[in-house]
Amino acid sequence: MTTASAPGKIILFGEHAVVYGQPALAVPVRQVQAVAEVVDAAPGSGIVIQAPDIGKTVSVSGASTDPLALTARLVSERFDSPRADVLITVRSTIPIAGGLGSGAAVSAALGRALSAHLGRPLSPAALSEIVFESEKLHHGTPSGIDNTVICYEMPVYYVKGQPPQTFHTGAPFHLLIADSGIASPTSETVGDVRRAWEHKRRAYDRLFQHIGAIADRAHDVIRRSDVAELGPLMSENQAILRELDVSSPPLERLIAAALSAGAGGAKLSGGGRGGNVIALVTSQNVAPITDTLYDAGARRVIHTVVGTD
Ligand code: MEV
């Protein structure tokens, strides 16, 4: 049996604008993960994928349009073993449609486990290329940031179409990730933003550029360890996400609650409308802000320290 995993992710700055060529920052979140197990199966059975958590079984064929089947096919074709006979089981603790990269992480764990089982473990770059193809099936125009941060398992500064730059933080900082419990497929918010951009290109391009400038400033701040400057940048980014109409009353309630309890800044992370909010906290105020987020309706709150590995 071969087992492999992949982490979840959060976007720190730059979601949506990154689809239009602006820089964005994302970090892996290891507290949630996808795991894939591969075992040999009877000769002639081909590649079968099971996802027991969501009651799904897929047989991989040349015509499959399922994202996991596509990942398995691309991995096996790359190694000239399209007729591998294996059973792949995938499981994930990453909420689906919650902005934590569940789709990309499950594909990454699968690609990593299958390539290792076939004796040719893929590099992060090669795995990321394959997972990007599966992301296109989830939502037509992904920027590529989710597959990149999840396959490299490092903080990334990402500009679409350019080689990703992984980076180290100057000093670690604490974040709370609060799940609104509302599933919101990225394909819907990305599609809505695209339709709005088609109507008002100049105005939207200006908003995207403003977000890109915030991501660049945040990149500097994180590397210089000026953590106190991060909070206001998060709130500035959130103000533009609101203008893009990807926030929602439940997310705004979580953001307001975190700020009123002393968070340095807060914003939605990922596609928006539902999914997760991130808040900048310190080791001293983690506990009271976590309680406040639960009181404001969070279904789950994860504490993560960025920059400790
Ligand atoms: C999703 O995690 C981030 C978005 O910017 C979409 C993308 O970059 O593909 C909303």
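This tour goes through a predicted model, beginning with a strand and moving on to two pockets.

Start by selecting strand S1, residues 2–13, of which 10 of the 12 are buried, so the strand is largely enclosed by the rest of the structure. Add strand S2, residues 24–40, to the selection: the two strands run antiparallel, and 11 bridges join them. To see one of these pairings, pick Ile10, whose bridge partner in S2 is Val27.

Next, centre the view on Gly101, Ser102, Gly103, Ala104 and His138, which, among the 42 residues that line the largest pocket, lie nearest its centre. The space in this pocket comes to about 770 Å³. Colouring by element then shows where the lining comes from, since two or more residues are given by each of S1, helix H1 (67–78), strand S5 (86–92), helix H2 (102–117), helix H3 (124–138), helix H4 (145–152) and helix H5 (186–199). Of these elements, H2 gives the most, with four residues. If you recolour the lining by residue class, 19 residues appear as nonpolar, 16 as polar and seven as charged.

Finally, move to the second largest pocket by selecting Ser128, Asn147, Thr148, Tyr158 and Gln162, the residues nearest its centre in a lining of 16. About 220 Å³ of space lies here. Keep H3 and H4 displayed, for each supplies at least two residues of this lining, and H3 gives the most, with four. By class, the lining of this second pocket divides into seven nonpolar, seven polar and two charged residues.

Notes. Residues numbered from 1 in each chain as written. Predicted model: local features only at pLDDT ≥ 70, side-chain atom pairs only at ≥ 80, totals over all residues. Heavy atoms only, no water. Buried < 20%, exposed > 50% of the residue type's maximum accessible area, 1.4 Å probe, protein only. Pairing = 2+ DSSP bridges. 1 Å grid on protein atoms, 1.4 Å probe; cavity = no way out; pocket = protein on both sides within 12 Å on 5 of 7 lines; lining within 4 Å. Points joined across faces, edges and corners; volume = space filled by probe spheres on them. Nonpolar A, V, L, I, M, F, W, Y, C, P; charged D, E, K, R; others polar.
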